[in-house]
2 protein chains.
Amino acid sequence: MKENYFETIKTRESSLPERTAEQISKLIVEQHLTSEDKLPSEFELAELLHVGRGTIREGVKLLVARNVLEIRRGKGTYIAPNPGEVPDPLGFAYYPDQFQLALDLAEIRGQTEPWVARMAAEHATAEDIKRLRESCSIVEQDILNERDHSQNDVLFHVAIAKCTQNLVVPKLIPIITYAVTLFVSLTESRLRMETIVGHREILEAISDGDGQRAEKAMAQHIEYNRALLQEIIGKLKHDGAKNPNNIF
Amino acid sequence: MKENYFETIKTRESSLPERTAEQISKLIVEQHLTSEDKLPSEFELAELLHVGRGTIREGVKLLVARNVLEIRRGKGTYIAPNPGEVPDPLGFAYYPDQFQLALDLAEIRGQTEPWVARMAAEHATAEDIKRLRESCSIVEQDILNERDHSQNDVLFHVAIAKCTQNLVVPKLIPIITYAVTLFVSLTESRLRMETIVGHREILEAISDGDGQRAEKAMAQHIEYNRALLQEIIGKLKHDGAKNPNNIF
């Protein structure tokens with residue numbers, strides 16, 4: 001590593017640990033460090049960035065809090081598997097109106113997932129199809145055994161997104177399906193059969209490489225979900241329910 | 001506040017500060033605290049959550065790192081304005097292939113922003129149009145004065161997204177436009193006129209409430225950008241350039 005590799009970091013506005021975190025981030029990016037790589041020691045980082053080891057420790061804590069670094073017990077500090085990816089990245093949990101949030105997400109799903117399904121049909125590899133088939137089957141097993149299938153349902157939609165070969169599409173699905181788990185206790189019983197039939201139709205269309213059919217099947221599946229959600233939320237609001245957190 | 005409001009937090013798997021952070025998050029959600037609200041004192045939180053003040057301090061640090069809380073100098077710790085929203089929420093900065101990332105984001109923009117523009121035309125209020133017009137004019141001034149317009153360009157697209165009245169769409173735009181600033185030094189000079197003309201056409205279509213025209217104008221604008229980006233990245237790759245960080 002070059003000495004004086006980094007600009008002197010004490011000149012900028014944010015706090016010293018914050019600036020140190022930024023410099024460590026830069027190091028990770030510029031040195032192409034991955035989750036295979038251990039972070040250089042506190043001592044090395046302190047030398048390199050011209051700050052004390054206490055400051056390094058605070059900077060590292062910030063990056064752990066942000067999922068850029070992770071502490072592996074007995075092994076030390078490593079780069080996280082998907083550095084910088086956080087659960088609930090848009091802070092949906094803090095939205096005051098979870099009803100409106102759910103409806104708005106359903107609207108976005110209706111506009112997004114159909115083209116994702118089309119693109120999936122156009123670009124899926126044999127390996128992708130195999131994984132998608134497995135994922136579809138896991139959801140069916142959940143439903144047939146009357147388990148909550150919401151987590152695996154999201155994973156099925158992520159598996160479709162992976163078929164597109166686009167790096168970012170699979171990362172967007174967990175964001176726009178955030179509300180799936182929120183209302184599952186109310187929608188689930190009425191969605192069981194539709195989910196099995198809908199998912200199979202989407203799977204077969206993608207497997208056949210039929211983009212148009214995949215797009216149409218997905219549009220129907222999402223619209224069915226959206227309409228049911230709207231009906232349920234309409235009733236809840238009518239009954240004066242104010243906050244899903246208090247209801248479920 | 002009720003005593004024993006929270007489940008005892010020392011029983012779960014993650015670290016104590018992590019669990020404390022979760023409990024403070026819950027408190028914020030359940031009490032509907034907003035950026036107007038000061039966080040209860042360390043002392044109060046320690047009493048309520050049955051942990052020491054040092055642990056509260058660590059938990060608060062985690063939530064500050066995640067933009068859930070913010071420290072206002074001389075005032076204390078408050079709820080952040082958009083709690084839980086982080087810059088670069090998907091960790092794009094850490095993607096090893098920034099070229100592919102930029103192309104994949106351009107693909108997503110091409111599939112997304114046209115329907116956003118249509119929905120904007122269908123739902124914009126007079127106030128939205130006024131803000132959009134101002135935003136459009138700021139980008140034009142940047143271009144005419146040969147300043148980097150990339151930040152304000154993103155804000156123009158966010159202003160369009162706000163016209164949809166969907167809570168989440170404006171939050172997705174900064175994610176999918178991440179790459180706009182990355183290649184701006186290379187695309188900018190060739191995009192100046194197209195940007196002015198394209199933006200104005202989109203603005204007028206939305207202002208007229210013409211969804212179809214807005215959708216078409218946006219599709220053209222994004223496709224022009226995408227094609228140019230592809231051409232530039234193709235050349236860079238051909239020249240053996242390996243990493244935008246080393247190039248610019």
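These legends accompany close-up views of a predicted model with chains A and B.

**View 1. Chain A and chain B in contact.** Welcome to the interface of this predicted model, to which chain A brings 43 residues and chain B brings 44 residues. Between them, the two chains bury about 3,800 Å², and carbon and sulfur atoms account for 63% of that area. The size of an interface is often given as the accessible area lost when the parts come together.

**View 2. The axis that relates the two copies.** A turn of 180 degrees, with a shift of 0.0 Å along the axis, lays chain A on chain B with an RMSD of 0.1 Å. This is how a two-fold axis relates copies. If you look for the axis from within chain A, start at P89(A): its C-alpha is the nearest of that chain, at 2.6 Å. Of the interface residues of chain A, 100% are interface residues in chain B too, so the copies meet through the same surface.

**View 3. Polar and charged pairs across the interface.** There are 13 residue pairs in polar contact between chain A and chain B, with both partners at pLDDT 80 or more. Four helices of chain A each give two or more residues to the side that touches chain B: α1 (16-30), α3 (53-65), α4 (98-123) and α7 (169-176). The most comes from α4(A), with 11 residues. Sorted by class, this side of chain A has 23 nonpolar, 11 polar and nine charged residues.

**View 4. Two salt bridges between the chains.** Chain A and chain B share two salt bridges. In one of them, K61(A) pairs with E58(B), and the closest N and O atoms are 3.2 Å apart. In another, K61(B) meets E58(A), again with 3.2 Å from N to O. Here the pair runs from helix α3 (residues 53-65) of chain B, which holds K61(B), to helix α3 of chain A, which holds E58(A). Side chains of opposite charge can pair when their charged atoms come close. For the wider setting, the whole structure has 34 salt bridges over all chains.

**View 5. An aromatic cluster in chain A.** Three residues are worth a friendly visit here: F92(A), Y95(A) and Y178(A), which form one aromatic cluster. Over all chains, the structure holds four aromatic pairs. A pair of aromatic rings is described by the distance of the centres and the angle of the planes.

Note on methods: Residues numbered from 1 in each chain as written. Chains lettered and ligands numbered in written order. Predicted model: local features only at pLDDT ≥ 70, side-chain atom pairs only at ≥ 80, totals over all residues. Heavy atoms only, no water. Contact = heavy atoms within 4.5 Å. Buried area = accessible area lost by both parts, 1.4 Å probe. Salt bridge = Lys/Arg side-chain N within 4 Å of Asp/Glu carboxyl O. Polar contact = N/O pair within 3.5 Å; in protein donor to acceptor, adjacent residues only side chain to side chain. Nonpolar A, V, L, I, M, F, W, Y, C, P; charged D, E, K, R; others polar. Least-squares fit on C-alpha atoms with pLDDT ≥ 70 in both. Phe/Tyr/Trp six-rings, centres within 6.5 Å; stacked < 30°, edge-to-face > 60°.
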